[in-house]
2 protein chains.
Amino acid sequence: MAETTRDRILDAALRAYGTEGFAVTSLDALADQLGIRKQTILYYFPSKHAVFEAVIDAAAIDLATAFEEEASRGLVGLEQVEAIVRRVFRLAVAQPELLGLVREVTRPGSLSADRLATQIAPILDRARDFLEREMDAGHLRRSDPEMLLLSLYSTVVGVATELEVQRAMGLPPTLRGTVARRQELTRFLRAALEPAR
Amino acid sequence: MAETTRDRILDAALRAYGTEGFAVTSLDALADQLGIRKQTILYYFPSKHAVFEAVIDAAAIDLATAFEEEASRGLVGLEQVEAIVRRVFRLAVAQPELLGLVREVTRPGSLSADRLATQIAPILDRARDFLEREMDAGHLRRSDPEMLLLSLYSTVVGVATELEVQRAMGLPPTLRGTVARRQELTRFLRAALEPAR
DNA sequence: AGAACTCTCTACCAATTGGTAGAGAGTTTG
DNA sequence: CAAACTCTCTACCAATTGGTAGAGAGTTCT
């Protein structure tokens, strides 16, 4: 309990930046949500951009933790891939703002793209190694691990987060619909990754 | 020749909104790029948001045209899918701001998502029909066409935007790298879509 | 007790924002 | 030629922005 003011600011900022976006969220708006004045925010962070960077750092830790949890189960081949997909979807439902922040940060004009990138790099390295190992072991179809990772990332995060696109396509944003989407995605990935028999 | 002022504004706006984003691009900044005053912009468009909507409309036409060109070749099965993927990548290289705009518009909670959506809807319908038909004909592995479409969209746009992010971070997008990505993506799709033999 | 420190606030500020009013130059129309 | 219209501009404006200065209340240290 007793969440510190600093943590409350970071929570609200993650939610705001991850859904509305960084540029459109003013310090005043953020402060209003918390029932404080923006000067209090500027007491804890030297500037608006510093809040953003702190949010990114915290998000990177959350993401790394979630990934770590799934990766340390000793699963193999497709089962490991599917475990992570399931986790990403769980994240998308429980904490949509987290993946929303990733989307915000990885936008072309973003000043802080590399901040998240460098913190996530170890995860990516580990994922690439995993794919390579599993291909060698014959558990996954052989292909370029780096590129495969990129395709996997885009597909999974996209399917999990592109709510507007889904709405535009007439897909219901219900929990049931989300589960169906995950299952279909899993089938899709299985078809793409299963070693040729 | 003799591009009208209105068209020059739309061009610059597409580039700015598609890379920097709508919120962070002020009318003054836009006018500066064109060597005019923002009041001239407001002569052609009643408000900043009207500029955005006009940009979306123009982009929708460009996208529909590109799609139409690829779709009217009478290709079949995976060949048709790959032709469109190739076209999207060509777009991503030649006009990265166009996909950037799509990304900007499809941000969760976007007010203008519907505007693009309704204009793109016929394309989506057509694409869904195509996939369904090709599955029936046994040219593509059977799966939920809607989900498949979403996966395709996420993956292709995701991989294409990722190129932009890297470019923004200083990694020059070599033609070779782009082609390599497209080929890996194609392999990925082929593995997932090829009818089981 | 008093000094120092922590935290949140009020009071400002200069810059930037989207937008309005309307002048002035050039062109087209009657 | 004069009137009307088209286009771009200067001059403003009120609201919002991120940020500074410093007061005041409460707590902790000596």
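In the predicted model, a polar side-chain atom of Thr5(B) is placed 2.9 Å from a phosphate oxygen of DNA strand D. Two tyrosines of chain B also approach the phosphates of this strand. For Tyr44(B), an N or O atom of the side chain is 2.5 Å from a phosphate oxygen of DNA strand D, and for Tyr43(B) the corresponding distance from a polar side-chain atom to a phosphate oxygen is 3.3 Å.

In total, 16 residues lie around DNA strand D. Those that come nearest are drawn from both protein chains: Lys38(A) and Lys48(A) from chain A, and Gln39(B), Thr40(B) and Tyr44(B) from chain B. By class, the surface near DNA strand D comprises 5 nonpolar, 7 polar and 4 charged residues. Its largest share, 4 residues, is supplied by H3(B). At least two residues each are contributed by H3 of chain B and, on chain A, by helix H2 (27–34) and H3. On the side of the nucleic acid, sugar or phosphate accounts for 54% of the atoms of DNA strand D within 4 Å of the protein, and the bases account for the rest.

DNA strand C is likewise surrounded by 16 residues. The closest of these are Gln39(A), Thr40(A) and Tyr44(A), together with Lys38(B) and Lys48(B). The surface near DNA strand C divides into 5 nonpolar, 7 polar and 4 charged residues. Here H3(A) gives the largest share, with 4 residues. Helix H3 (38–44) of chain A, helix H2 (27–34) of chain B and helix H3 (38–44) of chain B each provide at least two residues of this surface. Of the atoms of DNA strand C within 4 Å of the protein, 55% belong to sugar or phosphate, with the remainder belonging to bases.

Individual approaches to the phosphates of DNA strand C involve both side chains and backbone. A polar side-chain atom of Thr40(A) is 2.6 Å from a phosphate oxygen of the strand. The side chain of Tyr43(A) has an N or O atom 3.3 Å from a phosphate oxygen of DNA strand C. From chain B, Leu27(B) contributes through its backbone, an N or O atom of which lies 3.0 Å from a phosphate oxygen of DNA strand C.

Other features concern the protein chains themselves. Helix H6 of chain B spans residues 96–105, and because 10 of its 10 residues are buried, the helix is largely enclosed by the rest of the structure. The buried residues of H6(B) include the nonpolar Pro96(B), Leu98(B), Leu99(B), Leu101(B), Val102(B) and Val105(B). The charged residues Glu97(B), Arg103(B) and Glu104(B) are also among the buried residues of this helix, as is Gly100(B).

In chain A, Gln166(A) belongs to helix H9, which covers residues 163–168. Gln166(A) has a relative accessible area of 2% and is therefore buried, the limit for this class being under 20%. The side chain of Gln166(A) is joined to that of Arg181(A) by a polar contact of 2.3 Å.

Val179(A) is part of helix H10 of chain A, which comprises residues 175–193. With a relative accessible area of 33%, Val179(A) is partly exposed. Together with Val93(A) and Leu175(A), Val179(A) makes a nonpolar surface patch of about 250 Å². Membership of such a patch requires over 30% relative accessible area, a threshold that Val179(A) passes because its value is 33%.

Key: Residues are numbered from 1 along each chain as its sequence is written. Chains are lettered from A and ligands numbered from 1 in the order in which they are written. This is a predicted model: local features need pLDDT of at least 70, side-chain atom pairs count only at pLDDT 80 or more; totals for chains, interfaces and linings use all residues. Side-chain values use heavy atoms; hydrogens and water are left out. Patches are made of residues with over 30% relative accessible area and no salt bridge: like charges are joined within 9 Å, nonpolar side chains (Val, Leu, Ile, Met, Phe, Trp, Tyr) within 5 Å. Accessible areas come from the Shrake-Rupley method with a 1.4 Å probe; for residues, only the protein chains shown count as cover. A salt bridge is a side-chain nitrogen of Lys or Arg within 4 Å of a carboxyl oxygen of Asp or Glu. Buried means under 20% relative accessible area, exposed over 50%, partly exposed in between (1.4 Å probe, protein chains only). A residue is near a molecule or strand if one of its heavy atoms lies within 4 Å of it. A polar contact is a pair of N or O atoms within 3.5 Å; within protein, one must be able to donate a hydrogen and the other to accept it, and residues adjacent in sequence count only if both atoms are side-chain atoms.
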